[in-house]
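Q: Can you go through this model with me? I'd like to start with one residue and then move on to the DNA and the pockets.

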2 protein chains.
Amino acid sequence: MSSSASDMTGPGDGEATPARLRNRPTRLLALVALHSDRLVTEGLAGLEARRWHYAALASLQEFGPASQTELSRRTRIHRSDLVAVINELAERGFVERAPDPADRRRNVITMTPQGRGHLHRLDDLLATIEDDVLAPLAPAERLQFTELLTRLLDHHGRSCFRDA
Amino acid sequence: MSSSASDMTGPGDGEATPARLRNRPTRLLALVALHSDRLVTEGLAGLEARRWHYAALASLQEFGPASQTELSRRTRIHRSDLVAVINELAERGFVERAPDPADRRRNVITMTPQGRGHLHRLDDLLATIEDDVLAPLAPAERLQFTELLTRLLDHHGRSCFRDA
DNA sequence: AACGAACGTTTGTCGCACGAACGAATCTAT
DNA sequence: ATAGATTCGTTCGTGCGACAAACGTTCGTT
């Protein structure tokens with residue numbers, strides 16, 4: 001039912017299959033993201049942080065204090081996993097977890113000044129790492145790249161959650 | 001030390017921090033790749049396959065029979081994990097694992113005709129999924145996107161392994 | 001014959017994403 | 001006002017992908 005020729009019995013044919021692996025966008029995406037993630041994870045580990053820590057802190061900085069469920073929506077961190085993240089951040093004094101007086105089911109997560117400092121450090125680090133990841137791209141291409149990524153994320157993201 | 005303003009004590013400032021989360025390319029990349037991977041994984045699960053199966057089969061198709069270590073280099077699948085992949089593929093008759101007569105430490109992995117058929121099916125499926133992933137992009141933009149990804153992969157890939 | 005290296009394999013670890021279930025608190029319908 | 005459903009935080013367990021360590025076997029080298 002499909003187009004590509006594949007019924008040639010020759011085991012070593014190299015004409016009809018022009019480098020699938022290198023041309024599958026999904027695979028390219030996965031591999032590049034893997035490298036990026038690895039660099040980010042390693043870099044953050046140097047500051048004893050993880051990617052989720054950054055997401056949580058950045059979201060708090062942008063949108064202010066929030067309950068854990070709301071933070072979960074914003075950062076796309078699963079509620080279950082957010083617990084440990086808040087634990088770790090609170091342990092180091094970067095956020096404060098207090099019961100919401102208006103609704104005692106919720107906790108209100110607030111970023112502390114030290115948290116802001118930490119976020120600032122993480123931001124600087126990530127900027128460096130990004131520069132490394134995008135090294136082979138000219139400035140205009142980097143904009144193009146992030147623009148395309150944003151479009152993809154918006155398209156698929158909006159169908160599941162709102163914003164990011 | 002750095003440039004971005006962040007020493008304002010206002011908790012809900014929204015000016016000096018323009019949407020970090022949405023603009024961090026590394027994060028965009030991770031999120032988009034996550035969606036893509038999820039779609040691919042789900043799709044492949046429908047054919048009882050995983051991403052590694054495709055990588056292994058595609059590599060065999062492109063470059064012919066190989067030892068497991070060589071396959072590992074080509075597909076970037078870790079030697080440890082490749083064992084199970086070959087087991088699963090061999091169990092279903094898609095590849096054959098035979099000891100290399102020239103070097104009895106190695107196994108020679110060969111794709112069978114049924115393996116070719118299976119790869120062909122996976123190829124068709126992946127094409128559909130890719131079309132879904134890249135849906136919001138015009139054809140020219142898709143080319144741009146994969147071109148940028150390829151450049152990134154080449155730059156970072158060549159420093160670790162050769163080819164892909 | 002002996003040593004080091006390569007290969008395949010097993011086992012375990014880590015990070016990330018996710019689902020199930022539970023107690024406590026809240027909301028709603030009656 | 002009380003019963004039932006819902007929300008929230010939390011704990012526990014699952015699965016996948018990537019990876020490191022270690023072991024027996026086999027091969028080169030000397």
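Q: Which residues does B:Thr146 touch, not counting residues up to four places away in sequence?
A: With that limit, B:Thr146 touches A:Pro25 and A:Leu28. Contact here is heavy atoms within 4.5 Å.

Q: What should I know about the numbering and the model?
A: Residues are numbered from 1 along each chain as its sequence is written, while chains are lettered from A and ligands numbered from 1 in the order in which they are written. The model is predicted, with local features needing pLDDT of at least 70, side-chain atom pairs counting only at pLDDT 80 or more, and totals for chains, interfaces and linings using all residues; side-chain values use heavy atoms, with hydrogens and water left out.

Q: Back to B:Thr146, is it buried or exposed?
A: B:Thr146 counts as buried because its relative accessibility is 16%. Buried is under 20% relative accessible area, exposed over 50% and partly exposed in between, with a 1.4 Å probe and protein chains only.

Q: Where is B:Thr146 found?
A: B:Thr146 is in helix α7 of chain B, residues 139-160. Helices are DSSP runs of H or I with at least four residues, numbered from the N terminus. A polar atom of the B:Thr146 side chain lies 3.0 Å from the backbone oxygen of B:Leu143.

Q: OK, DNA. Which residues come nearest to strand C?
A: A:Trp52, A:Arg104, B:Arg38, B:Gln68 and B:Thr69 come nearest, out of 22 residues around DNA strand C. A residue is near a strand if one of its heavy atoms lies within 4 Å of it.

Q: What part of strand C lies within 4 Å of the protein?
A: Of those atoms of DNA strand C, 68% belong to sugar or phosphate and the rest to bases.

Q: Which atoms pair up there?
A: An N or O atom in the side chain of A:Trp52 is 2.5 Å from a phosphate oxygen of DNA strand C. A base oxygen of DNA strand C lies 2.9 Å from a polar side-chain atom of A:Ser80.

Q: And what classes of residue make up the surface near strand C?
A: The surface near DNA strand C has 12 charged, seven polar and three nonpolar residues. Ala, Val, Leu, Ile, Met, Phe, Trp, Tyr, Cys and Pro count as nonpolar, Asp, Glu, Lys and Arg as charged, and the others, Gly among them, as polar.

Q: Which residues come nearest to strand D?
A: For DNA strand D they are A:Arg38, A:Thr69, A:Arg97, B:Trp52 and B:Arg105, of 22 residues around it. The side chain of A:Arg97 has an N or O atom 2.6 Å from a phosphate oxygen of DNA strand D. In the side chain of B:Ser80, an N or O atom is 3.0 Å from a base nitrogen of DNA strand D.

Q: Changing topic: which residues lie nearest the centre of the largest pocket?
A: A:Leu31, A:Leu34, B:Trp52, B:Thr75 and B:Arg76 lie nearest its centre, among 31 lining residues. A pocket, on a 1 Å grid over the protein atoms alone, is an open set of points with protein on both sides within 12 Å along at least five of seven lines, and lining residues have an atom within 4 Å of a point.

Q: Which helix gives the largest share of that lining?
A: In the largest pocket, α2(A) gives the largest share, with nine residues. The lining divides into 16 nonpolar, six polar and nine charged residues.

Q: What about the second largest pocket, where does its largest share come from?
A: For the second largest pocket, α2(B) supplies the largest share of the lining, seven residues.

Methods
Helix = DSSP H or I, 4+ residues; strand = E, 2+ residues; numbered from the N terminus. Polar contact = N/O pair within 3.5 Å; in protein donor to acceptor, adjacent residues only side chain to side chain. 1 Å grid on protein atoms, 1.4 Å probe; cavity = no way out; pocket = protein on both sides within 12 Å on 5 of 7 lines; lining within 4 Å.
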